[in-house]
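Biologist: I should like to learn how to read a structural model feature by feature. Please take each general idea and then turn to the case at hand.

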Amino acid sequence: MFCCLRTCFNGNMRKPTKAAQRLREPEIHLDAAHMGPDVVLLSHQLRITGNGAALGTAPLVQSKSYFEIKIQQSGCWSVGLATRQTDFTRKFGGCDKESWCLCSDNATRHNNEEFRPVVVNTQEPTSVPLHSLINSNNNAISETASAAGLIGIEDLPEDVFLPSGNDQILNTDNALATSTERVFPDEGDIIGIAFDHIELNFYFNGKNLETPFRNVKGAVYPVIYVGNGAVIDIILESFNYGPPPGFDKIMLEQSLL
């Protein structure tokens, strides 16, 4: 009798058919096979640091795709879409015709063309326009410190903060911003990326930044570029902010059949 039961039980424990296996989506993550040589992937390949870029393992094939990234630590970063022909050694995206990115220096880029600032005035306490950083002796900060168009407090010469005589170093028209409100992504913030094969849009903590790309072509993948100590997480489900209407998480091609 026990032999009969064992035979019946084992007969019902057959491995899932190939059709059943196709219904179960494999994990999507950052792709160690398509990343720069100086890139480091952590946390089940959902976190990137180092220097360079990494693609996601799945292309965006559905009609409306959405994913997010979280800035765990600031530095140089770019997020968006790219083909497998992009340059994975760069810490900024959009420097070739194979990538379309929002970058940490307040610009969007594609084909090495920098577009208008995403935010006209970031109001960041640690980032101010170059023209505001000329001291009373009319000595400008070196151009190398402001290569990206914005510079931080650590780049300022000491005498900017030390008044001499009756000189007024900072006035109401030329002061460092003290507002804590952020209008451009920084540490702890979430960037959403939505693509419908017509427009690529970026969202900052759920708000559309209104800087779309409309020339995205080819088989494109999620991409993150990092440098200068940046640590970025990719979020592929359980989003912090709901996708725009009609958009959904990235799905694999066989799951659309």
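Biologist: Is Gly-56 buried or exposed?

Modeller: The model is predicted. Burial is read from relative accessible area, and under 20% counts as buried. Gly-56 has a relative accessibility of 4%, so this residue is buried. Gly-56 lies in strand β3. Leaving aside residues up to four places away in sequence, Gly-56 touches His-29, Leu-30, Asp-31, Tyr-221 and Pro-222. The C-alpha atom of Gly-56 is also 9.0 Å from that of Ile-234, although 178 residues separate the two along the chain.

Biologist: Tyr-221 and Pro-222 belong to strand β12. How many residues of strand β12 are buried?

Modeller: Seven of the seven residues, 221-227, are buried, so strand β12 is largely enclosed by the rest of the structure. Tyr-221, Val-223, Tyr-225 and Gly-227 point one way, while Pro-222, Ile-224 and Val-226 point the other way, and all are buried.

Biologist: Which strands pair with β12?

Modeller: Strand β3, residues 47-56, pairs with β12 in the antiparallel sense over four bridges. Within that pairing, Val-223 is the bridge partner of Leu-55. Strand β5, residues 76-82, also runs antiparallel to β12, and seven bridges join these two strands. Here Gly-227 of β12 is the bridge partner of Cys-76.

Biologist: How many disulfides are found, and why is Cys-76 not in one?

Modeller: A disulfide is a covalent bond between the sulfur atoms of two cysteines. A search of the whole structure finds zero disulfides. For Cys-76, the closest cysteine sulfur is that of Cys-103 at 9.5 Å, which is too far for a bond. Cys-95 is in no disulfide either, with the sulfur of Cys-103 as its nearest cysteine sulfur at 6.9 Å. Cys-76 is buried at 12% relative accessibility, and Cys-95 is buried at 18%.

Biologist: Which side chains make polar contacts with Asp-233?

Modeller: The side chain of Asp-233 is joined to that of Arg-47 by a polar contact of 2.6 Å. A further polar contact, of 2.7 Å, joins the side chains of Asp-233 and Gln-72. Asp-233 is located in strand β13, residues 231-235, and is buried, with a relative accessible area of 12%. Not counting residues up to four places away in sequence, the residues touched by Asp-233 include Leu-46, Glu-68, Ile-69 and Lys-70.

Biologist: How should aromatic pairs be read, and how many does the structure hold?

Modeller: A pair of aromatic rings is described by the distance of the centres and the angle of the planes. The structure holds four aromatic pairs. In one of them, the rings of Tyr-66 and Phe-239 have centres 5.0 Å apart and planes at 80°, so the pair is edge-to-face. This pair links parts of the chain 173 residues apart: Tyr-66 is in strand β4, and Phe-239 is in the loop between β13 and β14. Tyr-66 is buried, with a relative accessible area of 3%.

Trp-77 and Phe-184 form a stacked pair, 6.3 Å centre to centre with 10° between the planes. Trp-77 is in strand β5 and Phe-184 is in the loop between β8 and β9, 107 residues apart. Trp-77 is buried at 2% relative accessible area, and Phe-184 is buried at 4%.

Biologist: Which residues form an aromatic cluster, and which ring has the charged end of Arg-109 over it?

Modeller: Phe-115, Phe-202 and Phe-213 form one aromatic cluster. The charged end of Arg-109 sits over the ring of Phe-92, at 5.1 Å from the ring centre.

Note on methods:
Residues numbered from 1 in each chain as written. Predicted model: local features only at pLDDT ≥ 70, side-chain atom pairs only at ≥ 80, totals over all residues. Heavy atoms only, no water. Buried < 20%, exposed > 50% of the residue type's maximum accessible area, 1.4 Å probe, protein only. Pairing = 2+ DSSP bridges. Contact = heavy atoms within 4.5 Å. Disulfide = S-S within 2.5 Å. Polar contact = N/O pair within 3.5 Å; in protein donor to acceptor, adjacent residues only side chain to side chain. Phe/Tyr/Trp six-rings, centres within 6.5 Å; stacked < 30°, edge-to-face > 60°. Lys NZ or Arg CZ within 6 Å of the ring centre and 35° of its normal.
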